[in-house]
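Colleague: Got a minute to walk me through this one? I'd like the overall picture and then some side-chain detail.

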Amino acid sequence: GASGLGLGLDEEVEVSKKRQPVAKLDESRLLSPAGIPRLRRTAKQNLKFQGKGHEFTDAARLLNFYQLWLDDLFPRAKLADGLSMIEKLGHHRRLQIMRREWIEEEKPRVQMDDT
Amino acid sequence: DAVAFGQGVQVVDPEVRAHVYSLVTALGGFNGEDADRYVLGDDALACLRDIRRWLKLYDEKYKRMDVARCLGEANLINGDLLPILSLWGTSGQKSKYMSRIALACLELLVPLTWPLEIHGEMTVNNHRHTPYLQHAQVSYKRGLLSRGSYNLLRTIIRIGLPSMAIPRSERTMRDDGILKLMLYLLRNITVITPNTRLAAEGDEEETSRSATINAFQAQDVFALILTMCSNIGDDFNMQDVVLLEIVFHLVKGVNVEKLFMDDAQRSAKHTDELDTLLKQESSLRREYSKNAPTRHGRFGTMIWVKRDDAKVSTVSGQDVLKDSQATFQKMDGSKKWNKPRPRQRHEESTFNNDFSTPAHLNSVASENLRMFVEEFLDSGFNPLFTHVRKAIEREANRVVPINSRQFFYTVGWFLHAERARRARQQEKQSQNEKPLKELEPDSFGLVASVLNQETFVFLNRSMQTSFDQKDWEDLNAQMRCFTQILLTVQEMAQSSLDEDQDIAENIQNRIFYEETTHDRVLAIMRGYKDQGFSYLDACTELAHVFLRMLERYSKENVDLQVRSRARARRKNKRAEATAVEDNNDEENASEEEDIMEAERVCRERKFDFKRFAAKFCNQKCVDTFVAFTKFFRELDSGQLKRAHRYFYRVAFKQEMSVLLFRVDIISLLYKMIKGPGALDSSKPIFKEWEELARQVIRRMIKKIDQRPALVTELLFSKMNSTLFYLEYGHEKQTLPSI
């Protein structure tokens, strides 16, 4: 209006608060120390199986292990949702290279000499 | 005065309404001294024609539905047309004037009962009127099926009878038109179903499939259909497609096995089903009570779950004290966020042509429909389906796209019915300890018309087109048809007649000779993605039946040859790769010709079942079966067996159990056995699944110990390059390329 002299003093200044970005489960999160490296490390310590005759308790142990790991990595998602998201990420190039590397690591040395 | 909401809104132009109402009023009524007798107006015939004209020149021309709506609100059909028809049926058949009026009524009935579907090209008016009209149509159907003791359907057939009696060569256009009207009305009656989305009114039974079938039986509609079907090609020509539609809408969704049970078996089956349901419920309750709190709701238990790095999670509730598995489920279940699902594409409505929804029949209707089905198989099957196939292939004018889907579904359904009937006959014969007379074994001639080369070519081509164009519903019908053909042929091969065996041998050879068929089944299997349960059921069944039959057939015929095209193409690609360095345009052109030529060249080669079955062992196919198995609570034992056999084949016959080593699959297997909501442990199929799950898990645990990299790979679908190593622990031995 007239009192504002066209300087825009009357107009409400809009303070737009940026939304907090939503955490995403993506490649970098999966490859971060809390992701697969942690899974690999803790598996060695925590994943002890009873073996033959205890298949279903072993399976439960395995599933729980993954559930806890996923809960630490990405607490929002339920187990089934998280698994399907990770499975999808597995098709990305970067992850495929890493996955191959992890498998190569444990291959016997004879094979390595061969190539 | 307060006006009710929406009271003042005019949905139809008032002038149009006034015109239409005045025509309906002038048509006649129950006035006068004889109050229960319909009296025709002076100009009734002209009125009927005018109404017809309104429908044509206003509704159809401007794509509105206003007149139809007005006619519905004015209760034209139940208030006027049906009384007029019953008047004609009881007394007026001699009078020429009355016959013309009856025909004019029929001319109005057909468009007013025409099936309505929501589709892409609807105007605002259409959207406004469709729900009302759908509702009105149900009441039309109710009137047509059950109007006191008047047999309206029989009356309607009587309108067509004179035209039917004339030999085909002498029939005029008008006669053909009358036949068409009569059949389309019958078709419309079979299509109309109460809308399940509207609130139930309590009298759905009167317009159900059972009611339709019983009325068709009582008023000789079945006899008419059978007569026309068995004389198609001779006396009738243009009526094939509409007859197909009637038959399709009668049998869609009907369970063949249940239909061919006798009453005792059926009630036993119903009792069984009830029993299963009750058991399910009680096991559900047992499971709940196992985990139910033993104290009151505010007892307030809370526990800590100790985790790594001195972290804890808190979970509340007493049930978690008992069992650590319950704790984990509760931790998972209390999360609120759900992964966003991709939005479903808005499909064209297939409500009227949907065959995936099961239809339930009462016992009288089952009996009637079974009689019709048996007579149809005996007389009408071959002529009708040969004729319809030719019409569809020729793309005759009367054929619409939906007919092809109806054709395949109906053929598949009747093949299944024929097998069920044979099984029942055999059962009966074995029950009679001494057969009264030496029964001649029936040949499969009754269904021969769909077991010829022309049908296979048509089916194959249609399957390929539907697959390429992503017409999933069509493909669903075609897969069901193909599965039934395979099963029929298999049964034929075990027939006691030498001739049947020879023919079956021949057909199997033709089916399995084309490698493109093998590849198609595989491609369908691999290509599943959100097409719905019915499709999933059809494609897993096809793959199952196809693989098993091919396995048996290739065992019996060790030197089975297949016509392969892929190899020629691959060879050419290699040639192309070597020639790629010195390419100029001219060479390219000639090379393309070469490729075309090479693609046309088909080579015969020896079929190797092991190799073919191995193609089914990949992540895509496993995913399809996993998607299917996720419905395990709703699957019957046949379907569970199908999935079980597939996983068994993957893990143990083909030695690719590593494909199953994925956390979600293990979780599914675990859930099927240990719950919550596990399979019913008293069923024999449970034992099989338990054993399978146990073996798979055992192998997985062993593998994890041998190859720790599996801990990460368990999260993902396996890569082809590392699959072999993960399974066997060494690289594939291949000859070094020179």
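Modeller: Sure, one definition up front: helices (H or I, at least four residues) and strands (E, at least two) are DSSP runs, numbered from the N terminus. This is a predicted model, where local features need pLDDT of at least 70 and side-chain atom pairs count only at pLDDT 80 or more, while totals for chains, interfaces and linings use all residues. Residues are numbered from 1 along each chain as its sequence is written, chains are lettered from A and ligands numbered from 1 in the order in which they are written, and side-chain values use heavy atoms, with hydrogens and water left out.

Colleague: OK, how many helices and strands are in chain A?

Modeller: Chain A has six helices and zero strands, so from the N terminus the order is simply α-α-α-α-α-α.

Colleague: And what percentage of chain A is buried?

Modeller: Of its 115 residues, 40% are buried. Buried means under 20% relative accessible area, exposed means over 50%, and partly exposed is in between (1.4 Å probe, protein chains only).

Colleague: Switching to the interface: how many residues does each chain put into the contact?

Modeller: Chain A gives 49 residues and chain B gives 50 residues, with contact meaning heavy atoms within 4.5 Å. The two chains bury about 4,600 Å² between them, 63% of it on carbon and sulfur atoms. Buried area here is the accessible area (1.4 Å probe) that two parts lose on being put together, summed over both. On the chain A side, Phe56(A), Lys78(A) and Arg99(A) supply 16% of the area buried against chain B, more than any other three residues.

Colleague: How many salt bridges cross it?

Modeller: The rule finds eight between chain A and chain B; a salt bridge is a side-chain nitrogen of Lys or Arg within 4 Å of a carboxyl oxygen of Asp or Glu. One salt bridge joins the side chains of Arg694(B) and Glu55(A), at 3.7 Å from N to O.

Colleague: Which helices of chain A supply that side?

Modeller: H2 (36-46), H3 (55-73), H4 (79-89) and H5 (93-106) of chain A each supply at least two residues of the side that touches chain B. The largest share, 15 residues, comes from H3(A).

Colleague: I'm curious about Met331(B). Is it buried or exposed?

Modeller: Met331(B) is buried, at 11% relative accessible area, and sits in helix H15 (residues 324-333) of chain B. Not counting residues up to four places away in sequence, Met331(B) touches Gln67(A), Leu68(A), Val305(B), Arg307(B), Ser313(B) and Val315(B).

Colleague: Back to charges. What does Asp72(A) pair with?

Modeller: Asp72(A) forms a salt bridge with Arg38(A), 2.9 Å from N to O. That pair links distant parts of the chain, with Asp72(A) in helix H3 and Arg38(A) in helix H2, 34 residues apart. Asp72(A) is partly exposed at 25% relative accessible area, whereas Arg38(A) is buried at 10%.

Colleague: Which residues are in a network with them?

Modeller: Arg38(A), Asp71(A), Asp72(A), Arg307(B), Lys311(B) and Lys335(B) are linked in a network of salt bridges.

Colleague: What about Glu551(B) and Arg649(B), buried or exposed?

Modeller: Both are buried, and their side chains meet in a salt bridge at 3.3 Å, N to O. Glu551(B) is in helix H22 (residues 533-556) and Arg649(B) in helix H27 (residues 637-653) of chain B, so the pair ties together parts that are 98 residues apart in sequence. By contrast, Lys529(B) and Asp530(B), which form a salt bridge at 3.7 Å, are both exposed.
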